[in-house]
Each structure stands twice: as structure tokens, then as C-alpha cells.
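Trainee: Could you take me carefully through one part of this protein, namely how its domains meet, and then through the helix packing and the backbone details that go with it?

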Amino acid sequence: MQAMRLMGHGGLDQLVHTREARTPAPAPGEVLIDVHACGMNNTDIWVREGAYGSETDPSEVSTWRRGRSTLEFPRIQGADIVGRIAEVGGGVNRDRIGQRVMVDFSLYHRPEGDESLADIDYIGHGRDGGFADYVAVPAANAHEITADIPDAGLATFCCAYLTAEQMLDRARLAEGENILITGASGGVGSALIQLARVRGAIPYAVTSAGKEQALRDIGAEDVVLRGGDDLVAEVARTADGPIDVVADLVGGKMFNDLLRILRPEGRYTTAGAIGGPVVQLDLRTMYLKHLELHGSSQGTRTAFRRLVGMIESGQIRPLLERTFRLSDLHEAQRTFMAKTYIGKLVVVPDRHWESVGAPHAP
């Protein structure tokens, strides 16, 4: 089958395209999915680059999970998998063959009902993912979808929206509250805007010039441009009332300003650091304002089921910028890293390009 293999940490040369990969066989309790589309995420880039550092050396080459990695090379990445079940393993009802599914990419090592994410892993890291013609996944992770959304659009939801929903869960965002979202034009950021509106909260977006109207169109109450002289003052002028929650995907130099922006007893939640993972913090800002700081990654089974319900009910909609052939993954990652788009980029196996990818190509 066609696949894109990650051969090691490094540059784009570590992604090697092949048409001779072995098609996986579903083990007991698993299903084999004919992949129609697979979304791209920042984790794909950072894992390839080994950019996660360690707790003692932020520049150390390290993958996700930092020091307890399950990553083995070669690895097929790709977490946001959409397709149809082509075969089932032992113990799985054969009536599932032919189902259109979206995959919960999280690998839960704790039993149903235990919502701890302390030792979670994910498809595309701990086992092969969807940058291939076929992928085998646990049957419980393959959720049937009947919503009238094209496959490429459906592949924009999985990782970004689950990550965003977990961030809002951690921060306990409530109806009527104001939330400030950084990195708002990306996959997780645009998901946060929509999911905040579902909760009845009021989202304000921080983004770069040229993206303002697109973010208002998906639900942002107003927009603050990144890179101004005084972020704190600009948010105060823009927002109608104090900021209850900051959902930060950027970090870097704006981190301490984001804590200053929060109201007393406000909540900060983060799932990314595209502006820089090492930040300056004045602890007095945190303790004098009684702030809560939450780290968040991926999400729970419950959150993913809730996400499926929102998709089926039409409460959220995909924000697909562009599709790429799987064989053009190098170009797709260059586009991803440029960060000039809004929403999500999706790759499509070459054999499904005419039916899935071509209508969305530039």
C-alpha cells in the first residue's frame, strides 16, 4: 500500500514515501480502515523534529511524552483519520464492514470510566496512523458518522476539536463567560471559537492581520491583532467585560501578559507553544490574582463522544483550508509551517484524490 514513513527525527527528508508498505491486518478487537482523508496537526511536525525537549533541557531532541516515548521508527504518522471499515478482527461484529468512521486518535491505557489522561498515547505515535492507504485501529476508537460532511471536512475535527474541548473542560468555561483565544486561526484555535459558542461563552480571538473577518464568521465576538505595542490594553479596549478564561496555544513572549489580562480568579489553559515553549512568569501575578493554570493534551473518551454528537447535530462545522495528495506531504508540511492559512490542512491518499481531495485543491 501507499504510505509516508517517518524514518527518524529531523527535516522533511525523514518523511519517505513508499507504495510498497505492508497492509496491516486487524488484530482481535480491531478494525481495518480504508483511509479516505487524514488531517495534519502541529504534533506531526514537532514529533518529526524531535522538538519536545526534556524537563531539564528544552533544546534536547525528544518526542512527545518526554522520556517515556513509545515512538519507534519507521512510523506512519497521521491522527485525524476518516474512512470506511474494510475488515474486522476477531470479536468485532462483521456488520461494521462498510461503516464510514472518524477515529478517536487517543490510545487509552485505562479502563472505560477512568478519565485520567496521565499515561495516554495516540495513533500515529504509539502505533501507525493514517498517512497511508489503510490503518488498523481499536474498534472502540472508530466512531460511525452519518452527518452529511465530506470526508476531507470530517478529517478536520478529530485532534483539533478534541484538544480544544478538553481545554475548555479543564478551564470549566461556562455560559456567559468571556474567553480570549490565542493562535485563533489554526486548527485548535478555530475549534475553540466554535466550541466556546456551543457552551454559550463569548470568544475573543488573537490573530494576525488579514484573518479578522474569517474568525468573526465562525463565531469570534471580536479580534485583537497580534504584535501590537500593548496586548493588555488592546484586549481591555476590545472585550466587553473582564476575561474569565485564556485559552493559549502560543506561549512565548505574550505569556505573562495573558495572565495580566485574566480577571482575579481567572483560569488559564494551554495545549501548545508555537510562539515558544520557555516563558517568563512573574509568580506574583499568579498568586495575588488567585489564578488557575491548566495544562491540557488530547482529551477523554467522554469528550470525543460529545464531539461526535456536536458533529451529527450540526453545532460545529469544518474549517478546511486545503487538501494535498499524500505523496505531496512534504509540500503540505511546508504550507502548514508557514501558518498563513485559516483552519485545517488535510491529506488524501492518492488513490482517493479524485473523489475526496480534488474538489478542495487550489
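Mentor: What follows goes from the division into domains to the helix contacts and then to two points in the backbone.

The model is a predicted one, and its protein chain is divided into domain 1, made of residues 3-156 + 318-360, and domain 2, made of residues 160-295. The C-alpha centres of domain 1 and domain 2 lie 27 Å apart. Where they meet, 16 residues of domain 1 are in contact with 15 residues of domain 2. The size of an interface is often given as the accessible area lost when the parts come together. Between domain 1 and domain 2 about 1100 Å² is buried, and 67% of it is on carbon and sulfur atoms. On the side of domain 1, the residues that lose the most area to domain 2 are W46, L319 and I342, which together account for 37% of what that side buries.

Turning to the helices, helix 1 (residues 42-49) packs on helix 10 (residues 329-338) at an angle of about 105°, their axes being 10 Å apart, and that makes helix 1 roughly perpendicular to helix 10. Helix 1 brings N42, D44, I45, R48 and E49 to this contact, where they meet Q333, F336 and M337 of helix 10. Sorted by class, the residues in the contact of helix 1 with helix 10 are three nonpolar, two polar and three charged.

A second pair to look at is helix 3 (residues 158-171) with helix 9 (residues 301-313), which pack at an angle of about 115° with their axes 10 Å apart, and here helix 3 passes helix 9 in a right-handed crossing. From helix 3 the contact takes C158, Y161, L162, E165, Q166 and D169, while helix 9 supplies A303, F304, R306, L307 and M310. By class, the contact of helix 3 with helix 9 holds seven nonpolar residues, one polar residue and three charged residues.

Two places in the backbone complete the picture. The peptide bond from F73 to P74 is cis, with omega near -5°, and P74 is placed in the loop between helix 1 and strand 4 (75-76), so that helix 1, already met through its packing on helix 10, comes before this loop. The other place is H290, which has a positive phi of about 55° although it is not a glycine; H290 lies in the loop that runs between helix 8 (283-288) and strand 16 (292-295).

Note on methods: Residues numbered from 1 in each chain as written. Predicted model: local features only at pLDDT ≥ 70, side-chain atom pairs only at ≥ 80, totals over all residues. Heavy atoms only, no water. Axes fitted to C-alpha atoms, helices over the stretch in contact; angles between N-to-C directions. Helix = DSSP H or I, 4+ residues; strand = E, 2+ residues; numbered from the N terminus. Parallel < 35°, antiparallel > 145°, perpendicular 65-115°, else oblique. Contact = heavy atoms within 4.5 Å. Nonpolar A, V, L, I, M, F, W, Y, C, P; charged D, E, K, R; others polar. Left-handed = near helix turned anticlockwise from the far one by under 90°. Domains from an automatic or database assignment. Buried area = accessible area lost by both parts, 1.4 Å probe.
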